[in-house]
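Me: Hi! I have a new model open and would like to talk it through with you. Could you have a look at it with me?

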Amino acid sequence: MGGTEHLDIQREGATLVLTLNRPEAKNALSLPMLVGLYDGWVEADADDSVRSVVFTGAGDSFCAGMDLKALAGKGTGGERYRDRLTADPDLHWKAMLRHHRPRKPVIAAVEGYCVAGGTEMLQGTDIRVAGESATFGLFEVKRGLFPIGGSTVRLQRQIPRTHALEMLLTGRPYTAREAAGIGLVGHVVPDGTALDKALEIAELVNACGPLAVEAVKASVYETAEMTETDGLAAELKRGWPIFDTADAKEGARAFTEKRPPVYKRA
């Protein structure tokens, strides 16, 4: 199990928990954090015993965006990671889920600030839980910058365009309740309990057939921009083979025998 000084990786049963760990800087993105985060996504994909990922931040924030000085590896002890970025110039985009989509479901647990790069990474997750005092927003335009982490493409596909444009063009902060109201997050819970709720959801995912879960997630994203006809054809192609798996047969037997299923990814 990997991780770096700014990114913790832990196991909670079948769930891999990735924690941004730079609370003194509101978990602003640094090079050590991005390297650890990318390695965490790779580990989750490679390990078949991992059935879900929970993505969260240490302390009182999820992520306050990019720390350009820290991304350059200056002042954070990150110089030793420069070779990773040199070897893979796309690493930071993969870490931020702009150029990488994990096979396993990713559940975000947000407390405090989730702004700029934090909100951009959030859009790469699948299920989202927020503490009631969480703050969201894309502040880039207020600083004369561009939200290049994918928001001008993804946000309008995840929430109504009028809300996406308001968030993008005003650069204003959004409360957790506002974020839930426009569909950016799915759950708002008491402060300090977002991680607990995310792990609870992860357990529900983990109890399901892993091959089916991964195929369903892949189908949702694969067909998102297709016509209905093309989407239905793609769904059938991806979904039909699941019925012939040992896991599908085990699910049917367990239901008949009124017992929890034991899935083996077969």
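Me: Let's start at the beginning of the chain. How many bridges join strand 1 to strand 2?
Reply: Happy to help! This is a predicted model. In it, strand 1 (residues 7–12) and strand 2 (residues 15–20) run antiparallel and are joined by 6 bridges.

Me: And which residue in strand 2 is the bridge partner of Glu12?
Reply: That's Thr15.

Me: What about the turn of that hairpin, which residue takes a positive phi?
Reply: Gly13 does, with phi near 65°. The hairpin has 2 residues between its strands.

Me: OK, on to helix 1. How many residues does it have, and how far does it reach?
Reply: Helix 1 covers residues 31–46, so to speak 16 residues, and spans 23 Å from its first C-alpha to its last. That is close to the 22 Å expected at 1.5 Å a residue.

Me: Is helix 1 mostly covered or mostly exposed?
Reply: Mostly covered: 13 of the 16 residues in helix 1 are buried.

Me: Now the part I care about for docking. What volume does the largest pocket have?
Reply: The largest pocket comes to about 450 Å³. Its lining has 21 residues, and the closest to the pocket centre are Arg101, Gln123, Arg157, Gln158 and Tyr221.

Me: Which elements give two or more residues to that lining?
Reply: Those are strand 6 (127–131), helix 6 (151–158) and helix 10 (210–222). Helix 6 gives the most, with 4 residues.

Me: And how does the lining split by class?
Reply: There are 8 nonpolar, 7 polar and 6 charged residues in the lining of the largest pocket.

Me: Changing topic to electrostatics: how many salt bridges does the structure hold?
Reply: The structure holds 19 salt bridges. One of them pairs the side chains of Glu5 and Arg80, at 3.0 Å from N to O. Glu5 sits in the segment before strand 1, while Arg80 is in the loop between helix 2 (68–71) and helix 3 (82–87), so this pair links distant parts of the chain, 75 residues apart.

Me: Which of those two counts as exposed, and which as partly exposed?
Reply: Arg80 counts as exposed, at 55% relative accessibility, because the cut-off for exposed is over 50%. Glu5 has a relative accessible area of 30% and is partly exposed.

Me: What is Lys217 doing? Which residue does it form a salt bridge with?
Reply: Lys217 pairs with Asp126, and their closest N and O atoms are 2.7 Å apart. Lys217 belongs to helix 10 and Asp126 to the loop between helix 5 (117–122) and strand 6, so the salt bridge ties together parts 91 residues apart in sequence.

Me: Buried or exposed, those two?
Reply: Lys217 is buried, with a relative accessible area of 8%, whereas Asp126 is partly exposed at 24%.

Me: Last one: where do Arg103 and Asp48 lie?
Reply: Their side chains meet in a salt bridge at 3.7 Å, N to O. Arg103 is in the loop between helix 4 (91–95) and strand 4 (106–110), and Asp48 is in the loop between helix 1 and strand 3 (52–57), so the contact ties together parts 55 residues apart in sequence. Arg103 is partly exposed, at 32% relative accessible area, and Asp48 is partly exposed, at 41%.

Me: Which residues are linked with them in a network of salt bridges?
Reply: Glu214 and Arg265 are linked with Asp48 and Arg103 in that network.

Definitions and conventions
Residues numbered from 1 in each chain as written. Predicted model: local features only at pLDDT ≥ 70, side-chain atom pairs only at ≥ 80, totals over all residues. Heavy atoms only, no water. Expected span 1.5 Å × (residues − 1). Buried < 20%, exposed > 50% of the residue type's maximum accessible area, 1.4 Å probe, protein only. 1 Å grid on protein atoms, 1.4 Å probe; cavity = no way out; pocket = protein on both sides within 12 Å on 5 of 7 lines; lining within 4 Å. Points joined across faces, edges and corners; volume = space filled by probe spheres on them. Nonpolar A, V, L, I, M, F, W, Y, C, P; charged D, E, K, R; others polar. Pairing = 2+ DSSP bridges. Salt bridge = Lys/Arg side-chain N within 4 Å of Asp/Glu carboxyl O.
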